Amino acid sequence: MNYRLSMIVLSASATIFTAGMASAEQITFVSQGGAYQEAQTKAILDPVAELLGITVNQDSSPDAWPVLKTQTASGKVIWDVIDTPPKDCIRGGEQGMIEKLDFSKIPNAEKMPAEYKSPYSVAYEFYSSVLAYNKEKFGDNPPKTWADFWDVKKFPGTRALRNHPLATLEAALLADGVPADKLYPLDVDRAFKKLEEIKPHVAVWWTSGAQSAQLLADGEVDMEMAWNGRVAAVVKEGAPIGYSFNQGFLQYTSLCILKGAPNLETAVKFVNAALTPEIQANFPTYIDYGPGNPEAYKTGKISPERAAEMPSSPENAELQVLVSDEWWSSPAGEEAQKRWATFIQQ
Amino acid sequence: MLLAPALLVVVVLLVLPLLWLAWQSVRQDGGFTLAHYERFLTDPVYWMTFLQTFRIAAIVTAMTVLLGYPVAYVAAGLSQRWSIVVLTMVLLPFWTSVLVRAYAWLILLQRNGIINSALTGSGLIDAPLKLVNNEFGTVMATIHILLPFMVLPLYATMKKIPGELTMAGASLGGSPLHVFLRVFLPLSLPGMIAGMVLVFVLTLGFYITPELLGGGRTYMVSMLVSRNIEVYNEWGAASSISVVLMVCVFLIFRLVSLLIPFERIMGTR
C-alpha cells in the first residue's frame, strides 16, 4: 500500500519534472521554518539540489520530535532528512526511529571533530547562548563571564535567563567556579543551589527567542543570556547592546535520517552534499548561525570579520563550552528538566 | 430532526475528542494507569500551578466586578443612544486580538514603558516599578480582556430591573444607598453571578497572556499542559491535567446552578 502510494507520487512527480530535471530523485527535508529555513534554502538546499541534480522538497516543524514519533509509529514515513537538535536524533535512534548513519558514504564529515557526530547524527549548523548586555548601562566595564552575571554587587541591574535548564545550569556551574572542561556530567544540585542565588535578580525568564530580543531592545533588562543570532539582530537594528562569545554555550542542530525514509539512498547523498565545505560556507552570507563543518572556514569564502561573528569559527569555538546533548538526553538530563518547573515556581 | 446536524458536529468535534482525551489520560505504554493522576498528589508543581491559576481567576473576577459594575450601572441608566456609545467603548478592545493587547500592555507597563517613564520623569518615584513580567501584569491584562464578559450580562440584567421599584423604595423613605443595597443590588445579582462565572472560567484557561506578561514565573494550568507536550512529550500527563481542569469547571457550574438556574447564566431566560 505504502509502496504503491509512493510509486504513484514518484511517477506523478516524474511526469512533472522530466521536462526540466535530469533526474526524478528527490528527498523531503524538514527544518524549523521561519527566517532560518529561508536562509538555508539559499545557502544549502538550492546549491545541494543543483550539485546532485535532485529535487529537495521542504517541510517545516518547529518541533520535529512529536511528528517524528507519529510518522514512525504509524509506519507512514514521508520525511527523509530532518534538521533538529542532536538530542532528538540520539534518543530517536535509540528508540528505532532514526537510521544509523553510514559515515563511509559521508566523506565530507570525515574531518569534523568527533564530538560533532553521533552514530545517528552529524552537526549541520551552530548557534550559541551568549551573555549580552546593555552598553549604555555598563560602559567600558561590561560583565564578561557568568561569574560577573551572578555578581549583583559589582554589576547591579536587571537580568534575564531562558526559562529552560539547558545552558542555564551550565552557566550557574561556571559562575560557581566549576572548570569548563569538568562540567559534564552536570552537578545538578549545585547548579540549582547557585541559581537560587540569582533568582531574585532575574526579572524575566524568557520562553521565546523573539521575547529575549525584545527584552534587550526595549531596555527591559540590563544583561541576559540569549542566542547569538537574536542578539546580533538587535545590534544590527542599532540598539546599544554588546556581547561576546566568551563562555558562550555552543549548541548545534544536526542532520539525521528517519528510519524507513522513502528515499534513503538519496537522503544519504543529500547529507553528504549538505556538509560540503564550500556549501557550508554559504551559511554566514544569509544568517548569523555558523557552519556545522569547520572545514568551511578554510575555503576562503568566509571573511575574517564575518568569521569573528560566527559561533562555530575555530577561534570562537575555543572560547565556548560545547553543550553535551548526550548528557541532556540521558535520564539525569531529563530529570533536571523536570526539576526546572519546580524551581521556577517556588 | 432539525437538531441532528448540529448534534453531529458537537459529537464529532467535541464529545469524541474529549473522550479520546480522557482515554489518553489513563493510558501508558498500551496499558491502564492512574500514574498521571497520582502526580496531582505527589508533584508540587501540579498543585502550585492550580493554586496560582485559581488565585489569579479569583482576583480577576473580583476586579472585573469592581470595575464593571459601575460601568454597567451607568450604561443602564443612560438613554438608548448614550448607552450604545458606552457599550461600544466596552466592546471596542474586544475586537482587537489578545496577542496585540498583550504587547500593548507590555509597552505601557515595562521598565522603560509609558507609565514608568511618566512616574520617574515627574519625580514621583525614584526607581521604576515592577509592573509587568510578573503576576501583576498578567492580572492587569486579563482583567482588560475579560471586562466585557462582566459588563454585558450585568447590563442586560440591570436593564430589566423596573425603574418603578427603586422609585417605590425612595418614596417609602429609603436613602439612595439604602435603596441601592436593598432593592437594586439584589435584583442585579443574577447578572453579576453570570458575569463572575464567565470571567472565572475563562481565566482558568488563559494561555497567551500569562506566557507573554508573566515573566516565566506566572505559571497557569494551560502552560502546564503545553509544557508537558512540548518539553516532556507526555501526552498522558497533559491529558490528565486537562481532564482535571475540565472537572473543576463542571463543578463550578454545578455549584453556581444551585444558586441560580443554569439558563439564566447562559442568558436564555
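**Close-up views of chain A: domains, confidence and contact with chain B**

**View 1. Two domains of chain A.** The domain assignment splits chain A into domain 1 (2-126 + 252-322) and domain 2 (128-250 + 324-345). The bounds come from an automatic or database domain assignment. Taken over C-alpha atoms, the domain centres of chain A are 29 Å apart. This is a predicted model: local features need pLDDT of at least 70, side-chain atom pairs count only at pLDDT 80 or more, and totals for chains, interfaces and linings use all residues. Residues are numbered from 1 along each chain as its sequence is written, with chains lettered from A and ligands numbered from 1 in the order in which they are written.

**View 2. Where the domains of chain A touch.** In chain A, 17 residues of domain 1 are in contact with 17 residues of domain 2 (C-beta atoms, placed from the backbone, within 7 Å). On the domain 1 side, α4 (86-94), α15 (314-319) and β10 (321-322) of chain A each give two or more residues. Helices (H or I, at least four residues) and strands (E, at least two) are DSSP runs, numbered from the N terminus. α4(A) gives the most to this side, four residues.

**View 3. Chain A against chain B.** The contact takes 18 residues from chain A and 17 residues from chain B. On the chain A side, α3 (64-74), β6 (202-206) and α17 (331-345) of chain A each give two or more residues. The largest share, six residues, comes from α17(A).

**View 4. Confidence along chain A.** Chain A averages a pLDDT of 91 (the predictor's confidence in each residue, from 0 to 100). At least 70 is reached by 93% of the residues. Over residues 1-22 of chain A the pLDDT is below 50.

Terms used: Two residues are in contact if their C-beta atoms, placed from the backbone, lie within 7 Å.
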